[in-house]
Amino acid sequence: MKAMILAGGKGTRVRPITDALPKPMIPIVGRPLMEFLIDLLRQHGFDQIIVSTAYLSDAIESYFREGTRFGVQIGYSYEGHHESGRPVPEGLGSAGGLKRVQEFSGFFDDTFAVLCGDAIIDLDLTAALEFHRDRKAMATIVLKELPRSQVGSYGVVKTAPDGRILQFQEKPAPEAAISTTINTGIYLFEPGIFDLIPADTVFDLGSQLFPLLAARGLPFFGVALPFSWIDIGSTPDYWRATQMILRGEFEIDMPGRELAPGIWGGINLALDLAATDIRPPVYIGSSTVIEPGATVLGPTMIGRNCVIQGGARINACVVNDYTLVSRFADLDQKIVSGRFCVDRAGRNVELANNGYAFVIDDARERRQWTDDDQLLMEFLKSQSSTLE
Amino acid sequence: MKIDIAERNGAAVVRPTSARVDLEVAGEFRAALVQLINSGHRRLVVDMSDVDFVDSSGLGALVSALKTLKLVKGDGDVRLANVQPPVVTLLEIIRLHRVFASYPTVDQAVQSFV
């Protein structure tokens, strides 16, 4: 069966993580977010997948390639063009992007799935497909109940008892929402929908196609199945998602091996569990050194090739690949890399690029310290008994 | 940068009026602190109301003043007031919140010396 993953977005609400990485490539315990979607599609028989790309498309294409490594076939629909070698995105909207593929080759010739590339799900797609076929639906969207306070970022639907969607409302104010049942960005479609999508026009699924389907009384259904869904819409979502996965609230195959109960690691680690204070759940990527005297409290995810110096304290953090966390750092509920540090609410903390490279840095960097850096480092060392 | 200096109940209150105390302005900030210490002040309160970022040169100025008072002069202290959330986070990350006593208002910081 065929499927499409919408992966062209800029992920502006997940900055600064997405400054150098497209959202589908955000690492979730060692694997890009989108890999979980590809796995799910394959498990349910969707083995021909078109990925729409635009922002930082090379990162996605050079990782997933033709899909062979993931047991599927992958093709890309690049939504943009180049001007003198510089990429210029030309987003067609979610529905316009589907239409573009259909116009190109008539690719979608049977029931197909569409997923947004920014969520991790463990949905039984086969059950959703059965529902879709039983109802002879033209479009089925997978629904989820949310607390009213959270519905404002999503499409909200009102359904009949048989699942038919009566009304569709895109991103309403929570108090004006017609229900608390939301669209998760997981869809099953029949090729018939293309009759409703204009060619070469920016056209959106949520704000244009779905209201049209509902208004015309076409067989448009919603199905609410029990499943876990972690939407990475924003930087705080990313922090929360990693915490949930490490705590086992969303089950994935942990990469690497279990070094001690709840402590997972890759290969080539420089780490003495007896000389460090590491408390589960923790994942440590390959080729990372955790020096004696370091404290790492879970749920914490540490990436590849990191250096965690003795004296560093890390609690409930996401530490990206190639990050140096120095002996002077006490990190509580942060997402850090050599380029940025953000707190769990998504607020930026200026460090590495603003004169605090001796606290957090890119582990590959060799620095010349200024007099002030030296003064501070010496002072912090002299105060270490007070500070610990 | 403009640095406001006032005296209150025997303490010198130093208020940087720029949002970023960084390389560009740290020299002036440091000079103001040194000047106060040299003229005999031992109780310094830095009013951080306007500051949302201090770089290592700005923090170096604060640490130098603290070291001079505590280690060279043997008494006195540098205390902070009105520290804004981004600076609080920064101080917590490098654990300097345990070195610099910090108070919600200038009055409370000044009173803490009495």
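This is a guided tour of a predicted model, moving from the domains of chain A to the place where chain B touches chain A, and then into the helices of chain B.

**The two domains of chain A**

Begin by colouring chain A by domain, with residues 2-231 as domain 1 and residues 263-387 as domain 2. The C-alpha centres of domain 1 of chain A and domain 2 of chain A are 37 Å apart, and the contact involves five residues from domain 1 of chain A and nine residues from domain 2 of chain A. On the side of domain 1 of chain A that touches domain 2 of chain A, the classes are four nonpolar, one polar and no charged residues.

**Loops with unusual backbone**

Next, select Val29(A), which sits in the loop between β2 (27-28) and β3 (31-32) of chain A. Its phi is positive, about 45 degrees, although Val29(A) is not a glycine. Is Val29(A) buried or exposed? Because 20 C-beta neighbours fall inside 10 Å, Val29(A) counts as buried.

Move on to Tyr322(A), in the loop between β26 (318-319) and β27 (323-325) of chain A, where phi is again positive, near 55 degrees, in a residue other than glycine. Tyr322(A) has 21 other C-beta atoms within 10 Å and so is buried.

Two cis peptide bonds can be visited in a similar way. Show Pro280(A) and Pro281(A), which are joined by a cis peptide bond with omega of about -5 degrees; Pro281(A) belongs to the loop between β19 (277-279) and β20 (282-284) of chain A. Then show Gly298(A) and Pro299(A), where a cis peptide bond also has omega of about -5 degrees, and note that Pro299(A) is in the loop between β22 (295-297) and β23 (300-302) of chain A.

**Where chain B meets chain A**

Now display both chains and look at the contact between them, in which 18 residues of chain B touch 20 residues of chain A. On the chain B side, the elements giving two or more residues are α2 (56-72) and α3 (85-93) of chain B, and α2(B) gives the most, with seven residues. The residues on this side of chain B divide into eight nonpolar, five polar and five charged.

To see one part of this contact in detail, select helix α7 (residues 371-382) of chain A together with α2(B). Two packed helices are described by the angle between their axes and the distance between the axes. Here the angle is about 50 degrees and the axes of α7(A) and α2(B) are 9 Å apart, so α7(A) and α2(B) are oblique to each other. Their crossing is left-handed. From α7(A), the residues to show are Asp372(A), Asp373(A), Leu375(A), Leu376(A) and Phe379(A), which meet residues of α2(B) including Leu59(B), Gly60(B), Val63(B) and Lys67(B). By class, this contact of α7(A) with α2(B) holds five nonpolar, four polar and three charged residues.

While α7 of chain A is still on screen, select Lys381(A), which lies in that helix. With 12 other C-beta atoms within 10 Å, Lys381(A) is exposed. Draw a distance from Lys381(A) to Ala345(A): they are 36 residues apart in sequence, and their C-alpha atoms are 30 Å apart in space.

**Inside chain B**

Turn to helix α1 (residues 23-38) of chain B, whose axis comes within 8 Å of that of α2(B) and crosses it at roughly 15 degrees. The two helices α1(B) and α2(B) are therefore roughly parallel to each other, and α1(B) passes α2(B) in a right-handed crossing. Among the residues making this contact are Phe29(B), Leu33(B) and Ile37(B) of α1(B), and Ala61(B), Ala65(B) and Leu69(B) of α2(B). The contact of α1(B) with α2(B) has eight nonpolar, four polar and one charged residues.

Finish at α3(B), and ask which of its residues are buried. They are Val87(B), Thr89(B), Leu90(B), Leu91(B) and Ile93(B), and what covers them includes β28 (330-332) and β30 (341-343) of chain A as well as β5 (53-54) of chain B. Just after α3(B), the last stop is Arg95(B), which takes a positive phi of about 65 degrees.

Terms used
Residues numbered from 1 in each chain as written. Chains lettered and ligands numbered in written order. Predicted model: local features only at pLDDT ≥ 70, side-chain atom pairs only at ≥ 80, totals over all residues. Helix = DSSP H or I, 4+ residues; strand = E, 2+ residues; numbered from the N terminus. Domains from an automatic or database assignment. Contact = placed C-beta atoms within 7 Å. Nonpolar A, V, L, I, M, F, W, Y, C, P; charged D, E, K, R; others polar. Axes fitted to C-alpha atoms, helices over the stretch in contact; angles between N-to-C directions. Parallel < 35°, antiparallel > 145°, perpendicular 65-115°, else oblique. Left-handed = near helix turned anticlockwise from the far one by under 90°.
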